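User: Hi! I have a model open here and would like to talk it through with you. Can we start with the strands?

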Amino acid sequence: MPSSDYVYSVVDDEKQFVVNLRERTCTCIRFQIDEMPCPHALAVITFKSMDAYQYCSVYYNKDHLLKTYDICTYPVPNESTWDIPREVLEEVVLPPTGKIRPGRPKRLRI
């Protein structure tokens with residue numbers, strides 16, 4: 001149900017969510033966290049016959065993905081040439097305490 005040109009109310013399983021297309025927000029918060037339309041925003045976008053891809057973050061497009069791997073990465077030098085501080089070398093890291101039972105882990109079934 002539209003409240004204005006860009007604010008809509010979406011009912012999903014008896015819960016009401018408010019979607020703001022201009023600010024790219026939804027009260028379920030998935031639209032803000034994922035920076036791509038949540039199911040409620042997609043319902044509004046489909047209702048308005050708009051392109052859902054224009055509401056996705058630019059970081060999901062092909063050009064930005066390729067720029068991720070554009071920078072040259074150098075291999076790690078030989079371990080004998082590493083300069084490790086003394087306090088790091090003196091740090092003792094123990095395995096976690098706890099007993100792992102043999103066999104397949106049990107599943108909780110109700």
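User: What is the bridge partner of Val 19 in S3?
Analyst: Val 19 has Cys 26 as its bridge partner in S3. Helices (H or I, at least four residues) and strands (E, at least two) are DSSP runs here, numbered from the N terminus. A word on the source: this is a predicted model, where local features need pLDDT of at least 70 and side-chain atom pairs count only at pLDDT 80 or more, while totals for chains, interfaces and linings use all residues. Residues are numbered from 1 along each chain as its sequence is written, and side-chain values use heavy atoms, with hydrogens and water left out.

User: Thanks! How many bridges do S2 and S3 pair over?
Analyst: Two, in the antiparallel sense. Two strands pair if DSSP finds at least two bridges between them.

User: And how many bridges join S1 to S2?
Analyst: Six bridges join those two strands, and S1 and S2 run antiparallel. One example is Val 10, whose bridge partner in S2 is Phe 17.

User: What is the order of the strands in the sheet, then?
Analyst: The order is S1-S2-S3, in an open sheet of three strands with antiparallel pairing. Strand S1 (7-12) and S3 are the edge strands, each pairing on one side only.

User: Which strands does H2 lie across?
Analyst: H2 lies across S1, S2 and S3, and runs at about 120° to S1. Contact means heavy atoms within 4.5 Å. The axes are lines fitted to C-alpha atoms, for helices over the stretch in contact, with angles from 0 to 180 degrees between N-to-C directions.

User: Changing topic: which residue takes a positive phi in the hairpin of S1 and S2?
Analyst: That is Asp 13, with phi near 50°, in a hairpin that has two residues between the strands. Most residues other than glycine have a negative phi.

User: Where is Arg 24 found, and what is its phi near?
Analyst: Arg 24 sits in the loop between strand S2 (15-20) and strand S3 (25-26), with a positive phi near 55°. Arg 24 is partly exposed because its relative accessibility is 36%; buried means under 20% relative accessible area, exposed over 50%, and partly exposed in between (1.4 Å probe, protein chains only).

User: And where does Glu 35 lie?
Analyst: Glu 35 lies in the loop between helix H1 (30-34) and helix H2 (39-47). Its phi is positive too, near 55°, and Glu 35 is partly exposed at 41%.

User: Back to the cysteines. How many disulfides does a search of the whole structure find?
Analyst: Zero, where a disulfide is a pair of cysteine sulfur atoms within 2.5 Å.

User: Why is Cys 26 not in a bond?
Analyst: Because the closest cysteine sulfur, in Cys 28, is 3.6 Å from the sulfur of Cys 26, which is too far. Cys 26 counts as buried, at 2% relative accessibility.

User: How far away is the nearest cysteine sulfur for Cys 56?
Analyst: It is 11 Å away, in Cys 38, and Cys 56 is in no disulfide. Cys 56 is buried, with a relative accessible area of 18%.

User: Last bit: which feature does UniProt place at residues 17-49?
Analyst: The unreviewed UniProt entry gives "domain: SWIM-type" there. UniProt positions are in the numbering used here, feature names are shortened, and annotations may be inferred rather than shown by experiment. In the model, the span is 42% helix and 18% strand, with its end C-alpha atoms 20 Å apart.
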